[in-house]
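Reader: I'd like to learn how to read a few features of a model like this one. Could you take me through them, general idea first and then the case at hand?

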There are 2 protein chains.
Amino acid sequence: MLPDKTSKLSVIPLGGTGEIGKNLLVFEYEDSIVVIDGGVKFPDDELLGIDLVIPDSSYLEKNRERIKGLFITHGHEDHIGGLPFILPKLNIPIYGTKLALGLVQAKFQERAAYPESLMHILEPGKPIQAGAFEVEAFRVTHSIPDAVGYSLHSPVGRVIYTGDFKVDYTPIDGQDMELGKLAAWGQEGVLALLCDSTNAERPGVTVSEMVVGKTLREWFERAEGKIIMASFASNIHRIQQAIDAAADIGRKVCVVGRSMENVVRTATELGYLKLRDESILVPSSEVANLPSEKLLVLTTGSQGEPLAALTRMATRTHRQINVLPGDMVIMAATPIPGNEKLVGKTINHLYQIGAEVVTKDMGQVHVSGHANQEEIKLVIRLTQPRFLIPHHGEIRHQVGFKRIGNSLGYTDQDIAITQLGSRVELSTDRMEFGEPVEAGSVYIDGLGIGDVGQIVLRDRQQLAQDGVVVVVAAISKAKPYRILSGPDIISRGFTFMKEAETLVDGAKAEVLNTLERQIQKDQMEWGVIKANIRDSLGKYLWDKTRRRPMILPVLLTH
Amino acid sequence: MLPDKTSKLSVIPLGGTGEIGKNLLVFEYEDSIVVIDGGVKFPDDELLGIDLVIPDSSYLEKNRERIKGLFITHGHEDHIGGLPFILPKLNIPIYGTKLALGLVQAKFQERAAYPESLMHILEPGKPIQAGAFEVEAFRVTHSIPDAVGYSLHSPVGRVIYTGDFKVDYTPIDGQDMELGKLAAWGQEGVLALLCDSTNAERPGVTVSEMVVGKTLREWFERAEGKIIMASFASNIHRIQQAIDAAADIGRKVCVVGRSMENVVRTATELGYLKLRDESILVPSSEVANLPSEKLLVLTTGSQGEPLAALTRMATRTHRQINVLPGDMVIMAATPIPGNEKLVGKTINHLYQIGAEVVTKDMGQVHVSGHANQEEIKLVIRLTQPRFLIPHHGEIRHQVGFKRIGNSLGYTDQDIAITQLGSRVELSTDRMEFGEPVEAGSVYIDGLGIGDVGQIVLRDRQQLAQDGVVVVVAAISKAKPYRILSGPDIISRGFTFMKEAETLVDGAKAEVLNTLERQIQKDQMEWGVIKANIRDSLGKYLWDKTRRRPMILPVLLTH
């Protein structure tokens with residue numbers, strides 16, 4: 001296959017660059033588009049009331065006809081959580097390994113349906129022709145089984161995307177990362193490498209998941225009461241190791257929390273989680289009948305999420321599981337940035353009860369699933385790409401990755417730092433930025449997809465800070481103008497009005513004054529009157545309280 | 001002085017226990033009360049719109065007559081920031097070292113005034129008689145100069161409170177921690193030790209501030225563009241070391257950010273910050289005229305605070321300081337739990353500009369000011385107290401401290417884990433809990449002290465999540481009832497109404513329906529009607545959107 005000298009291969013990140021979360025990568029060559037992943041991101045604090053954030057996929061919708069398929073790297077939320085929102089509008093074939101696809105299917109059962117006929121299980125090493133692309137998955141090691149990266153072979157050359165990975169030489173399931181395949185492609189020639197850059201700031205190498213298993217066993221053996229282990233639901237290897245350790249010391253296992261129950265069910269059905277004896281699992285309704293020292297509870301809530309099972313146990317509001325003094329709670333996860341305070345609260349509640357709390361600081365009960373600097377270097381050296389594109393990282397991680405590239409001899413021109421919607425154009429010997437495409441974030445709030453935008457969010461922020469003051473009056477529609485009723489003032493989230501009589505009286509007088517001045521002019525421009533009320537009342541309240549509540553004047557006329 | 005066998009010494013933490021922040025400790029013996037510190041705490045995320053949190057000091061107000069004095073350990077906000085709110089109600093003498101008192105005075109200049117005649121500079125080693133207590137300060141090392149702990153000698157024995165401390169054997173100002181004095185008191189006999197437990201979970205010892213100076217110099221020498229260093233304003237030793245290093249390599253220093261400017265001014269005036277040559281300082285208005293390589297900017301914003309100087313520089317909204325590609329930004333502080341994400345944002349913005357960002361992970365540009373486990377053990381061994389009371393810590397830190405105590409042979413009964421308002425009663429040979437006193441948090445919002453309570457906060461939380469929907473109608477006051485105007489519906493922070501016409505129409509119909517049903521009954525109970533509107537409209541909106549905005553029905557009658 002001779003490379004076409006005129007057409008270019010475009011790499012377009014619609015999610016997962018300049019941020020951690022909502023991964024969505026687009027590859028485009030002439031009339032062929034291949035998409036990888038479709039994830040969600042959890043909202044930042046300032047996105048008040050927003051449940052989830054998904055990538056803006058309008059570019060895909062506009063180019064639906066050209067999409068040959070969507071390929072999934074692995075079953076984490078930041079890679080598959082957006083699919084129920086994105087896929088129904090596209091109606092395209094999707095491909096993934098057995099577990100990844102199983103978790104996608106479980107997701108679709110919760111929300112919209114998606115035709116089974118469009119879902120295809122894919123196996124590493126068996127390439128799929130998707131338009132101009134030959135797409136081949138290769139196994140990587142990560143914090144969930146059955147994770148893959150992809151090689152996309154196009155007329156201008158081969159591009160490799162690692163997906164999320166670490167180099168774990170002793171994976172729990174014996175499924176090694178296919179380093180040999182990467183090396184072979186490297187020998188043939190690789191045009192560009194898109195690489196996980198999450199841990200590009202961290203020197204050295206990551207620790208194998210196997211080490212966590214050993215540490216867990218040591219803690220388990222020391223425990224005298226119940227053992228409660230909180231981790232990410234999707235970390236099936238860790239769950240496997242915990243269950244095995246429990247079996248060895250004769251403890252039953254109770255799985256608690258919706259996502260943990262779902263993942264354990266799917267993983268067991270598909271054969272990724274192996275129970276020596278199914279009777280080791282006990283339902284939470286039976287926990288009360290078992291002695292503490294015979295029990296391991298696997299639970300959600302490692303991030304201190306207010307409604308998660310561990311949080312409810314810690315605040316003594318969980319219906320079935322009581323944490324008792326002397327119980328051991330193992331936090332087998334690190335707080336995601338932003339969750340530190342919530343996690344800290346949970347830990348304090350547990351100490352208050354008298355439980356022993358084991359965190360990462362006290363021994364390796366958690367390891368990262370993303371490659372550190374030396375692992376990234378290994379993958380670059382094996383694949384020997386002409387160009388580098390860091391993915392899956394905030395700017396700091398992309399810059400960290402660039403420094404790694406520099407240290408291996410790549411110039412700044414050989415490395416593309418992308419933003420959402422960037423179009424990186426690759427020909428056989430050039431990489432440059434083309435015209436960016438429409439990209440960004442879409443907010444999900446309840447049933448609404450995208451209806452909450454910047455205006456609504458700004459209003460929520462103002463309401464959150466200082467509350468709302470509603471001013472109501474009824475005014476005659478025609479001359480002679482007069483106030484028929486009001487002005488009344490109602491507030492919420494501003495101050496405790498019952499104890500602020502003089503403030504309310506002052507505010508009413510202020511509004512009355514504004515209205516009467518307007519009536520004297522004998523000219524009622526309602527927009528102007530409302531603006532005047534907002535101004536004068538706003539000034540009055542700021543003087544008295546140094547707060548800026550949202551002021552909503554409502555004038556009824558008849 | 002023979003110990004009185006009947007009266008007890010009470011230790012009452014009104015702040016700073018079970019939490020980090022708003023320290024306020026009370027010691028009571030018969031009709032003598034001695035108070036230590038009066039700090040603030042920054043509000044948790046769920047305290048929407050709250051500016052500051054101070055301790056509930058009503059116990060002190062009720063017992064004002066018995067208070068012999070308030071003693072300050074050091075000038076950090078969590079120890080002195082509450083004084084402008086607490087002291088005016090008490091009108092009692094206060095004592096502190098020169099710098100601590102200087103910072104308190106600067107604080108009072110911003111808010112309420114406090115009589116100079118009640119402020120007394122105190123020197124370590126010179127005891128002050130305060131009622132039944134002989135109070136003596138001893139020097140400790142901490143992340144601010146002039147920090148002290150206190151010995152309180154009472155008829156039942158001596159109690160020692162460390163204040164915030166670390167054991168720094170090479171303090172920048174040469175003012176060693178007075179370990180010898182602690183040892184001497186230990187020989188005489190100490191009844192109880194109240195000890196900083198912030199870092200009780202951390203093994204080993206802390207690193208000396210001197211090491212930071214060395215690291216800063218190394219980075220400074222590597223810098224080619226501007227150097228911008230962000231740190232806590234109060235870390236005068238770090239600022240001193242940075243200025244000295246700048247002087248050595250011929251850079252001018254510009255101090256930016258209100259709190260940084262205030263502290264540098266106060267510390268220079270009082271002689272705690274020493275400039276070899278005053279001309280090294282340049283005002284920010286002159287920065288534009290200086291070459292980048294001749295400049296060090298000392299700034300606030302190490303916590304990513306949205307309005308701080310560094311944050312504004314990073315978002316290119318600072319009027320005087322422009323960050324340029326190649327500038328070096330040193331984050332000489334760790335994020336306080338809860339601030340990680342804000343700090344991360346600032347770092348990403350700086351990388352975006354092309355600056356080099358140096359964080360603690362890349363070298364010791366920050367060290368903790370609080371004692372690790374081995375330092376705590378040292379102080380316990382030196383003072384040999386009969387009883388231990390961990391202070392200045394969340395429950396996890398208090399439990400960590402208890403474990404340290406246990407490892408040194410103290411039983412659980414020898415160690416008191418307190419809560420806010422606990423009364424620990426000490427006699428010569430016993431420690432037990434007495435009746436707790438009124439304690440808690442008071443929220444400051446704008447000019448309001450304590451007017452924002454749980455109801456207002458719950459309303460703000462609801463408003464923040466899903467906004468507000470105001471329903472207005474005018475109805476005739478007397479029979480026959482009829483709707484004179486409306487119903488109108490206005491919303492903010494709920495959805496973008498202009499694009500939600502059917503939703504608005506449906507909501508109006510729902511309200512109209514409710515009103516008409518009520519009118520048909522020919523009986524207008526306004527409370528009932530409003531409740532019905534809230535119910536039916538709430539249900540309608542939940543069905544359509546899965547959101548629960550606050551619904552405010554306003555009915556005007558005339």
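Author: We'll go through the symmetry, a helix pair, some backbone geometry and two loop residues. Keep in mind that this is a predicted model, where local features need pLDDT of at least 70, side-chain atom pairs count only at pLDDT 80 or more, and totals for chains, interfaces and linings use all residues. Residues are numbered from 1 along each chain as its sequence is written, chains are lettered from A and ligands numbered from 1 in the order in which they are written, and side-chain values use heavy atoms, with hydrogens and water left out.

Reader: What turn and what shift lay chain A on chain B?

Author: Any two copies of a chain are related by a rotation about an axis and a shift along it. Here the turn is 180° and the shift along the axis 0.0 Å, with an RMSD of 0.2 Å (a least-squares superposition on C-alpha atoms of residues with pLDDT of at least 70 in both copies). The two copies are therefore related as by a two-fold rotation axis. In chain A, Ala464(A) has the C-alpha nearest that axis, at 2.3 Å. As for the interface, 100% of the interface residues of chain A are also interface residues in chain B, so the copies meet through the same surface.

Reader: How do α14(A) and α15(A) cross?

Author: Helices (H or I, at least four residues) and strands (E, at least two) are DSSP runs, numbered from the N terminus. Axes are lines fitted to C-alpha atoms, for helices over the stretch in contact, and angles run from 0 to 180 degrees between N-to-C directions. The axes of α14 (residues 501-520) and α15 (residues 526-545) of chain A come within 10 Å and cross at roughly 150°. That makes α14(A) roughly antiparallel to α15(A) (over 145 degrees; under 35 is roughly parallel, 65 to 115 roughly perpendicular, the rest oblique).

Reader: Which residues of α14(A) and α15(A) meet?

Author: Contact means heavy atoms within 4.5 Å. From α14(A), the residues include Leu503(A), Val511(A) and Leu515(A), and those they face in α15(A) include Ile529(A), Ile533(A) and Leu537(A). The residues of this contact divide into ten nonpolar, seven polar and two charged (Ala, Val, Leu, Ile, Met, Phe, Trp, Tyr, Cys and Pro are nonpolar, Asp, Glu, Lys and Arg charged, and the others, Gly among them, polar).

Reader: On to the backbone. Where is the cis peptide bond in chain A?

Author: Look at omega: the bond joining Gly486(A) and Pro487(A) is cis, at about -5°, and Pro487(A) belongs to strand β24 (residues 483-492). In chain B, the bond from Gly486(B) to Pro487(B) is cis too, with omega near 0°.

Reader: What is the phi of Gln384(A)?

Author: It's positive, about 45°, although Gln384(A) is not a glycine. Gln384(A) sits in the loop between α11 (373-383) and β18 (385-391) of chain A and is partly exposed, with a relative accessible area of 43% (buried is under 20%, exposed over 50%, partly exposed in between, with a 1.4 Å probe and protein chains only). Arg546(B), also not a glycine, has a positive phi of about 55° and is partly exposed at 38%.

Reader: Is Ser208(B) buried or exposed?

Author: Buried, at 14% relative accessibility. Ser208(B) lies in the loop between β12 (190-196) and α6 (209-222). Leaving aside neighbours within four places in sequence, Ser208(B) touches Lys166(B), Asp168(B), Thr170(B) and Val367(B).

Reader: And what does Gly163(B) contact?

Author: With the same neighbours left aside, Gly163(B) is in contact with Thr73(B), Val148(B), Gly149(B) and Asp196(B). Gly163(B) counts as buried, at 0% relative accessibility.
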